[in-house]
Amino acid sequence: MSDGAIIEEFILEPGTGKAIEILQGQKLRIEQLEGGQCADFNCFNLHDYKEFFHTGRTRHMHGLHPTKGDFLWSAPPRERPMMYILEDTTGTNDVLYPRCSAFLYEFQYGLPVHTNCHDMQAEAQREFGLTPDDVHDSFNFFMHTGVDSDGRPYIARQTAKKGDYVELIAMFDVLAVPNVCGADVMATSDFSFKPLRIVVSMSNEAEREMIPRIPILGSQRKPKDFRNAVIKADRELQRDLSYRPEFINYPIQTKELEITLSDEEYEALQALKGTGNYGKTDGEALRYIFFSWWIEKFMKGPKHFEDLKT
Ligand SMILES: [Zn+2]
């Protein structure tokens, strides 16, 4: 497929969502047709739906408002970059609020019948055999949120204008599920519903080169690493009488290590310790140094975009 070629293009109407296969290196664009519309979004590994986008890890890595240059990460224990945000012309996204649901509108607004993101996600992904229990917390594109001085989250009015868009590159084959957020009784989409434009296209080499280097680590576990890799098909939970615990890295082992530092290194260690932010003992401050060393190495890791194929 030639770079930049459009693969699919359609309008996502209010009240709906769509599950779309985005293959590795393909781009998904979500664009404002009128402005001021939130798009809830989820994605799954196309070849293993148990690996899915995780708001928690993404929030940890990139903060409450991930934007251009950030990744959408999968849930532990997989924890791989699933999609890369190549462009974001608005810069207001949210990974703090969960998807809206039927319960929310009935409980908080007295509306027993109302469009909602959970039901839209569930219906869209039903096309691929997934159930309502397989919907996960969403990435809320264009949603303008913050946290007040008391630590409470709030939703502000939209800043997304007509023509604003986000563009994501798939790091491996994914099933992407965008939907037009079903909230018209709050500021999420400025109290009304508007359609969104969806475009799937092939990225070009320059765009793929923009993706930062992320190493592939043994701690990013795969089903072959699981003690139980079988997906449970029935609903009842029952004790396995043959179960014997085998916790990883247990019992925990500790070992005293002697470390030789140059005068310069020792001085730097004492300075670090003196800030009071990195522990009270030499050993505690050293842990921080190891961490910094790892980050340095991490940033110089090998380019591996092609190696992420599942
Ligand atoms: Zn919603």
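Helix α5 spans residues 263-274, and its 12 residues reach 16 Å from the first C-alpha to the last, close to the 16 Å expected at 1.5 Å a residue. Glycine 276 follows α5 and has a positive phi, near 80°. These values, like the others below, come from a predicted model.

The zinc ion has Cys100, Cys117 and Cys181 as its protein donors, each through SG, at 2.2 to 2.4 Å. Along the sequence these donor residues follow the spacing C-x16-C-x63-C. Because cysteine 117 lies in helix α3 (residues 117-125) and cysteine 181 in the loop between β12 (174-180) and β13 (196-202), the pair ties together parts that are 64 residues apart in sequence. Cysteine 117 counts as buried at 0% relative accessibility, and cysteine 181 is buried as well, with a relative accessible area of 3%.

The count of salt bridges comes to 23, and the table gives some of them.

| Salt bridge | Closest N to O distance |
|---|---|
| Glutamate 167 and arginine 29 | 3.1 Å |
| Aspartate 133 and arginine 235 | 3.7 Å |
| Aspartate 150 and arginine 152 | 3.5 Å |

The salt bridge of glutamate 167 with arginine 29 links distant parts of the chain, strand β11 (residues 165-170) and strand β3 (residues 26-32), with the two residues 138 apart. Glutamate 167 is buried, at 6% relative accessible area, whereas arginine 29 is partly exposed, at 21%. Both residues also belong to a network of salt bridges that includes Glu9, Lys27, Glu31, Arg197 and Glu207.

Aspartate 133 and arginine 235 meet in a salt bridge; aspartate 133 lies in the loop between α3 and β8 (139-141) and arginine 235 in the loop between α4 (205-209) and α5, so this pair ties together parts 102 residues apart in sequence. Aspartate 133 and arginine 235 are both exposed, and aspartate 150 and arginine 152 are exposed too.

Note on methods:
Residues numbered from 1 in each chain as written. Predicted model: local features only at pLDDT ≥ 70, side-chain atom pairs only at ≥ 80, totals over all residues. Heavy atoms only, no water. Donors = N, O, S within 2.8 Å, 3.2 Å for Na, K, Ca; no water. Helix = DSSP H or I, 4+ residues; strand = E, 2+ residues; numbered from the N terminus. Buried < 20%, exposed > 50% of the residue type's maximum accessible area, 1.4 Å probe, protein only. Expected span 1.5 Å × (residues − 1). Salt bridge = Lys/Arg side-chain N within 4 Å of Asp/Glu carboxyl O.
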